[in-house]
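Q: I am new to this structure and would like a close look at a single part of it. Please start with one residue in a loop, and then lead me on through its surroundings.

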Amino acid sequence: MFGDKNKEPTEIFLKNESLDLNSLPSMSREELSKFNGTEDPKLYVAIRGYVYDVTENGKSYGPGKAYNKLVGKDVGRLLGLNKLQLKEEDGRIPDSWDLSDLTEKQLKIVDDWIVFFKMRYPIIARIEESSQ
């Protein structure tokens, strides 16, 4: 489970790994979108349906900062494609949480990002499944 053998798991990582993910509060994608540093001062990023609190890293994720385009979203697709923003495809912008057409290599990249986030940021909620 733990990717880089040269790094010890952080306290945050161990806490995230011990969470009962099913007991986390749920949040809709609409609610998540408010945690962008503007509407709400907290900064949340979701990956594969779990919400990470990145507020402590406002230098990178805060309004006007490099990674602010990632906050308030489930960004699995962006990370898998190594993009900060999705471009229009076939007349529409793809959903940032839709990973259904990513390659195995791209899904592995998403998994690596999950380890990165788990090492640094607490998991605080899970995204409600959309009824779309």
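A: Contact here means heavy atoms within 4.5 Å. Leaving out residues up to four places away in sequence, Ser 96 touches Lys 73, Asp 74, Val 75, Gly 76, Arg 77, Leu 78 and Leu 86. This is a predicted model, in which local features need pLDDT of at least 70 and side-chain atom pairs count only at pLDDT 80 or more, while totals for chains, interfaces and linings use all residues. Residues are numbered from 1 along each chain as its sequence is written, and side-chain values use heavy atoms, with hydrogens and water left out.

Let us stay with Ser 96 for a moment. Its place is the loop between helix 4 (76-81) and helix 5 (104-120); helices (H or I, at least four residues) and strands (E, at least two) are DSSP runs, numbered from the N terminus. Ser 96 counts as buried because its relative accessibility is 12%, where buried means under 20% relative accessible area, exposed over 50% and partly exposed in between (1.4 Å probe, protein chains only). The Ser 96 side chain also reaches the backbone oxygen of Asp 74 at 2.7 Å.

One of the residues touched by Ser 96 is Val 75, and Val 75 leads us inward. Val 75 belongs to the largest nonpolar core, which has 20 residues; such a core is a set of buried Ala, Val, Leu, Ile, Met, Phe, Trp, Tyr and Cys residues joined through side-chain atoms within 4.5 Å. Val 45, Ile 47, Tyr 52, Val 54, Tyr 61, Val 75 and Phe 117 touch the most other members. Strand 2 (44-47), helix 4 and helix 5 each give two or more residues to this core, and helix 5 supplies the largest share, three residues.

Tyr 52 is a good next stop. Among the residues it touches are Leu 43, Val 45, Ile 114, Phe 117 and Pro 122, when residues up to four places away in sequence are not counted. A second, separate core has eight residues, including Met 27, Leu 32, Ala 46 and Ala 125.

Tyr 52 also has a role in the sheet: its bridge partner in strand 4 is Ile 123. Strand 3 (residues 50-53) and strand 4 (residues 123-127) pair in the antiparallel sense over three bridges, and two strands count as paired if DSSP finds at least two bridges between them. The open sheet has four strands in the order 1-4-3-2, with mixed pairing. Strand 1 and strand 2 stand at its edges with a single partner strand each, so one side of each has no neighbour in the sheet.

Finally, look at the rings. Tyr 52 joins Tyr 61, Tyr 67, Trp 113, Phe 116, Phe 117 and Tyr 121 in one aromatic cluster. The structure holds nine aromatic pairs; rings of Phe, Tyr and Trp (its six-membered ring) pair if their centres lie within 6.5 Å, with planes under 30 degrees apart counted as stacked, over 60 as edge-to-face and the rest as tilted. Phe 35 and Tyr 44 are stacked, because their ring centres are 4.3 Å apart and their planes are at 25°. Phe 35 is buried at 16% relative accessibility, and Tyr 44 is buried at 7%. Trp 113 and Phe 116 have ring centres 5.1 Å apart and planes at 75°, so this pair is edge-to-face. These two residues are three apart in helix 5, so about one helical turn separates them. Trp 113 is partly exposed at 30% relative accessibility, and Phe 116 is partly exposed with a relative accessible area of 29%.

Notes:
A polar contact is a pair of N or O atoms within 3.5 Å; within protein, one must be able to donate a hydrogen and the other to accept it, and residues adjacent in sequence count only if both atoms are side-chain atoms.
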